[in-house]
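Student: I would like a close look at one part of this protein, with its surroundings filled in afterwards. Please start with a single strand and work outward.

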Amino acid sequence: MTMETLAADLKDKATISVSSEAQDAPATEANGASASSAAKKKNKKKKSTSTTAPAETEAKDEAEGDDDDDEDDEEEDGANPTDSTTVKKKKKKNNKKKKKVTQTEPPTIPVSKFFGNKIYPEGELCDYNEENLWRTTNEEKRALERQNFDQYNDVRRAAEVHRQVRQYARRNIKPGMSMIEIVEMIENGTRNLVEANGFESGIGFPTGCSLNHCAAHYTPNTGDKTVIQYGDVCKIDFGVHVNGRIIDSAFTLTFDPVYDNLLAAVKDATNTGIKEAGIDVRLCDIGAAIQEVMESYEVEIEGKTYQVKPIRNLNGHSIDPYKIHGGKSVPIVKGGDQTKMEEGEYFAIETFGSTGRGLVHEDMETSHYARVYDVQHIPLRLPKAKSLLQTINKEFGTLPFCRRYLDRIGEQKYVLALRNLVDAGIVDAYPPLCDIKGSFTAQYEHTLVLKPTRKEVLSRGDDY
């Protein structure tokens with residue numbers, strides 16, 4: 001190779017190298033410009049995001065009530081749209097509230113509609129006295145109590161009906177209403193709420209609405225025009241049963257505050273009886289405690305002061321299935337029966353106070369009746385009496401009834417036949433019980449059960 005050829009070759013290589021560098025330079029410049037432009041755009045985007053993010057977050061917080069970070073939510077939603085849809089569905093489902101059932105006025109919705117699981121609320125639970133306090137935690141007694149759950153649940157259902165009906169009655173009974181309007185309001189409410197169905201559920205006994213000196217067993221017969229007045233003292237006593245388990249509870253209604261101390265005395269006495277009641281407690285001891293409390297009260301009416309007296313020939317009582325008056329009486333004065341209360345028994349603890357003599361007698365027209373519980377077969381001559389007895393057995397059994405109930409089911413011209421059943425000893429009559437005229441009487445009553453572990457005041461409510 002000559003010198004001239006070598007020089008030419010080197011010149012060509014130099015030219016190629018320069019050309020390559022010239023081509024790379026614009027590319028580098030372009031890349032640098034592109035990177036710079038991208039960085040500027042990114043900075044602008046960041047500024048824009050930082051400016052708008054608070055406003056967006058605030059708007060979302062107001063709309064959704066959600067304090068979570070919005071950007072995180074967007075990243076999650078963008079990453080997995082299916083998850084986003086699921087989350088939204090879950091939120092929608094959780095926010096959906098069940099429609100609450102509310103009672104009508106007057107009450108017509110059965111209490112079973114308020115308790116979907118058909119488990120009804122307990123009454124007031126009270127421990128026994130010190131001698132029986134061990135029962136509260138004893139496992140054997142607790143197991144026995146669990147075995148009786150269905151029985152307790154039935155009577156709690158009846159108690160819930162009683163509470164709802166009486167609360168409506170207390171709000172709506174006004175001076176000027178007829179006694180028939182009052183009792184029909186209560187009885188229709190009871191039938192609706194307990195879903196009355198013969199011997200499975202229904203009214204426990206006729207609604208008592210005894211006025212003033214009349215202490216018990218008055219309910220109006222058809223055609224009674226009696227109207228409640230502002231100055232009256234009215235005892236509302238009604239019962240509800242489920243499968244024969246009866247709630248017997250009563251309160252006194254007044255409009256004039258002058259009677260407040262009379263009502264306070266009787267309410268306090270009833271609560272004292274409830275407090276004293278328990279397994280192995282003597283009935284006479286309960287009566288003595290009740291009397292002491294009631295007689296500690298005085299009431300002033302029209303400028304005259306009266307000591308509140310317990311009505312000594314009226315008592316509380318045990319309650320058996322389909323039998324309102326069981327075999328035991330709970331006195332409200334000292335010196336009564338030495339019999340003891342026993343485990344598993346139901347009692348109506350009721351007290352009556354009076355500004356009169358503290359002693360009642362039968363008076364006025366009879367309205368309450370009940371077939372004798374264990375009556376033997378007695379031959380009857382009157383065909384109407386036989387027919388009426390069949391009706392009583394079919395409709396009421398041994399549960400108390402009144403003449404209005406016979407009218408309601410279509411019985412006619414039954415008075416003579418009913419008297420024949422009473423005279424034969426098949427049906428008992430319960431005339432109104434009254435103190436002296438011009439006196440005022442009051443009553444409060446609750447049903448309780450002596451469970452193996454504790455006593456339960458089944459009919460207790462917020463009102464009394």
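Tutor:
**A strand on the inside**

Start with strand β2, residues 201–211. Eleven of its eleven residues are buried, so β2 is largely enclosed by the rest of the structure. Keep in mind that this is a predicted model. Buried here means under 20% relative accessible area. Across the protein, 44% of the 464 residues count as buried.

Now look at the partner of β2. Strand β4, residues 233–242, runs antiparallel to β2, and eight bridges join the two. For a landmark, find Phe-205 and look across to β4: the bridge partner is Gly-239. In general, strands of a sheet pair through backbone hydrogen bonds, either parallel or antiparallel.

Step back for the wider setting. The protein has eleven helices and 18 strands. Take its contacts with a separation of 6 or more: residues 24 or more positions apart account for 76% of them.

**Two small sheets**

Other strands form open sheets. One has three strands in the order β3-β16-β12, with antiparallel pairing. Its edge strands are β3 (214–216) and β12 (361–362), and each of these pairs on one side only. Two bridges join β12 to β16, residues 433–434, and these strands run antiparallel. His-361 is a handy marker here, standing opposite Cys-434 in β16.

Another open sheet of three strands has the order β14-β13-β15, again with antiparallel pairing. β14 (401–402) and β15 (427–430) are the edge strands, each pairing on one side only. Between β13, residues 368–371, and β15 there are four bridges, in the antiparallel sense. Here, His-368 has Tyr-430 of β15 as its bridge partner. A helix belongs in this picture too. Helix α11, residues 415–423, lies across β13, β14 and β15 and runs at about 105° to β15.

**Two helix pairs**

Next, the helices. Two packed helices are described by the angle between their axes and the distance between the axes.

Take helix α5 (residues 149–172) and helix α6 (residues 179–194) to begin with. Their axes come within 9 Å and cross at roughly 145°. The crossing of α5 past α6 is right-handed. On the α5 side, the contact uses Arg-157, Val-161, Gln-164, Val-165, Tyr-168, Ala-169 and Asn-172; on the α6 side it uses Met-185, Ile-186, Gly-189, Thr-190, Leu-193 and Val-194. By class, the residues of this contact are eight nonpolar, four polar and one charged.

Then turn to helix α7 (residues 260–276) and helix α8 (residues 283–294). Their axes come within 8 Å and cross at roughly 155°. Angles over 145 degrees count as roughly antiparallel, and α7 and α8 are therefore roughly antiparallel to each other. α7 passes α8 in a right-handed crossing. From α7, the contact is made by Ala-265, Val-266, Asp-268, Ala-269, Thr-272, Gly-273 and Glu-276. From α8 come Ile-286, Ala-289, Ile-290, Val-293 and Met-294. The contact of α7 with α8 divides into eight nonpolar, two polar and two charged residues.

Return to β2 to finish. Eleven of its eleven residues are buried, and its eight bridges to β4 are antiparallel.

Technical notes
Residues numbered from 1 in each chain as written. Predicted model: local features only at pLDDT ≥ 70, side-chain atom pairs only at ≥ 80, totals over all residues. Heavy atoms only, no water. Buried < 20%, exposed > 50% of the residue type's maximum accessible area, 1.4 Å probe, protein only. Pairing = 2+ DSSP bridges. Axes fitted to C-alpha atoms, helices over the stretch in contact; angles between N-to-C directions. Parallel < 35°, antiparallel > 145°, perpendicular 65-115°, else oblique. Left-handed = near helix turned anticlockwise from the far one by under 90°. Contact = heavy atoms within 4.5 Å. Nonpolar A, V, L, I, M, F, W, Y, C, P; charged D, E, K, R; others polar.
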